[in-house]
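Subject: Structure for you to look at

Hello,

Here is the structure I promised to pass on, with my notes underneath. Please have a look at it first and then read on.

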Amino acid sequence: MSLNLSLPRSIDENLNKRIEIIEGCEEDLDFRATVMEACRRDLLLWINGFAWTQDPRKANLMRIPFVTYEAFQDQAILDIQTAIDIGEDLLIEKPRDMGLSWMIVYIFTWYWLFHDNCNFRIGSRKEDFVDKIGVMDTLLEKIRFTLRYLPSWMQPKGYDEGTHA
């Protein structure tokens, strides 16, 4: 399979490209290794190609592709990644409906999947928003959701949601 990992920004086109990439990875182990390495190197590629979200206002949709907004989200994600990589604090004002909680969850999950010896702590303004199994408003449930919808070959080796989540 030829390597074209550019991901469209429209939801429908992005979804079609995701299907093409995942099917290619199922059929061709060399292509899968290339995709995994590309995702390891490129946080935005991984998010735009493999991260899913939910919109509580659209009850009929169980999950939708998370496709970043170039103007705000791409820059915020890269700023957070840089701050983590160089070990500096970063203050971000949390705007409404910009997906910042999801972005943080994806960033932490990406580091955990693709980089050894990462250690993060997650907190919220209220303890009830940190972790309750099955409650999508909690940060750790967003991580479980993210892992649940990754292809099995991208999940940690031996990962079982019932045991490890």
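A residue is called buried when its relative accessible area is under 20%, exposed when that area is over 50%, and partly exposed in between. Glu141 has a relative accessible area of 5%, so Glu141 is buried. Please keep in mind as you read that this is a predicted model.

**Glu141 and its partners**

Glu141 is part of helix H6, which spans residues 139-148. What does this buried acid pair with? Glu141 makes a salt bridge to Arg148, and their closest N and O atoms are 3.4 Å apart. Arg148 has a relative accessible area of 31% and is therefore partly exposed, while Glu141 is buried at 5%. The pairing does not stop there: Asp131, Glu141, Arg144, Arg148 and Glu161 are joined into one network by salt bridges that share partners. As a reference distance across the model, the C-alpha atoms of Glu141 and Glu70 lie 26 Å apart, with their positions 71 residues apart in sequence.

**Other salt bridges**

Side chains of opposite charge can pair when their charged atoms come close. How many salt bridges are there, if the rule is a side-chain nitrogen of Lys or Arg within 4 Å of a carboxyl oxygen of Asp or Glu? The count comes to nine.

One that I would point you to is the bridge between Asp74 and Arg9, where the closest N and O atoms are 2.8 Å apart. This pair links distant parts of the chain, because Asp74 sits in helix H4 and Arg9 in the segment before H1, 65 residues apart. Is Asp74 buried or exposed? Its relative accessibility is 9%, so Asp74 counts as buried. Arg9, at 35%, counts as partly exposed.

Another salt bridge joins Asp128 and Lys132, with 3.7 Å between the closest N and O atoms. Here both partners are given as partly exposed: Asp128 has a relative accessible area of 46%, and Lys132 has one of 40%.

**The nonpolar core**

Which residues touch the most other members of the largest nonpolar core? They are Ile21, Val35, Cys39, Trp46, Ile47, Phe50 and Met154, out of 41 residues in that core. Two or more residues each come from helix H1 (11-27), helix H2 (29-41), helix H3 (43-50), helix H4 (70-86), H5 and H6. H5 gives the largest share, namely eleven residues.

**The loop between H5 and H6**

Two residues of this loop caught my eye. Lys126 lies between helix H5 (100-114) and helix H6 (139-148), and Asn117 is found in the loop between H5 and H6 as well. Asn117 is not a glycine, yet its phi is positive, at about 60 degrees. With a relative accessible area of 81%, Asn117 is exposed. Lys126, at 45% relative accessibility, counts as partly exposed.

Lys126 also belongs to a patch of positive charge on the surface, where it gathers with Lys94, Arg96 and Arg125. A residue enters such a patch when its relative accessible area is over 30% and it has no salt bridge. The 45% of Lys126 is over that limit, so Lys126 meets the accessibility part of the rule.

**Two more places to check**

Ile19 lies in helix H1 and is partly exposed, with a relative accessible area of 39%. Ile19 and Tyr149 are 130 residues apart in sequence, and their C-alpha atoms are 13 Å apart in space.

Asp42 is in the loop between H2 and H3, and a relative accessible area of 36% makes it partly exposed. From Asp42 to Leu78 the C-alpha separation is 9.9 Å, for two residues 36 apart along the chain.

If you open the model with one region in mind, I suggest Glu141 in helix H6, together with the network that joins it to Asp131, Arg144, Arg148 and Glu161.

Best wishes

Key
Residues numbered from 1 in each chain as written. Predicted model: local features only at pLDDT ≥ 70, side-chain atom pairs only at ≥ 80, totals over all residues. Heavy atoms only, no water. Patch = residues over 30% accessible without salt bridge, like charges linked within 9 Å, V, L, I, M, F, W, Y side chains within 5 Å. Areas by Shrake-Rupley, 256 points an atom, 1.4 Å probe, with all protein chains shown as cover. Lys, Arg positive; Asp, Glu negative; His and termini not counted. Charge placed at Lys NZ, Arg CZ, Asp CG, Glu CD. Helix = DSSP H or I, 4+ residues; strand = E, 2+ residues; numbered from the N terminus. Buried < 20%, exposed > 50% of the residue type's maximum accessible area, 1.4 Å probe, protein only. Core = buried A, V, L, I, M, F, W, Y, C linked by side-chain atoms within 4.5 Å.
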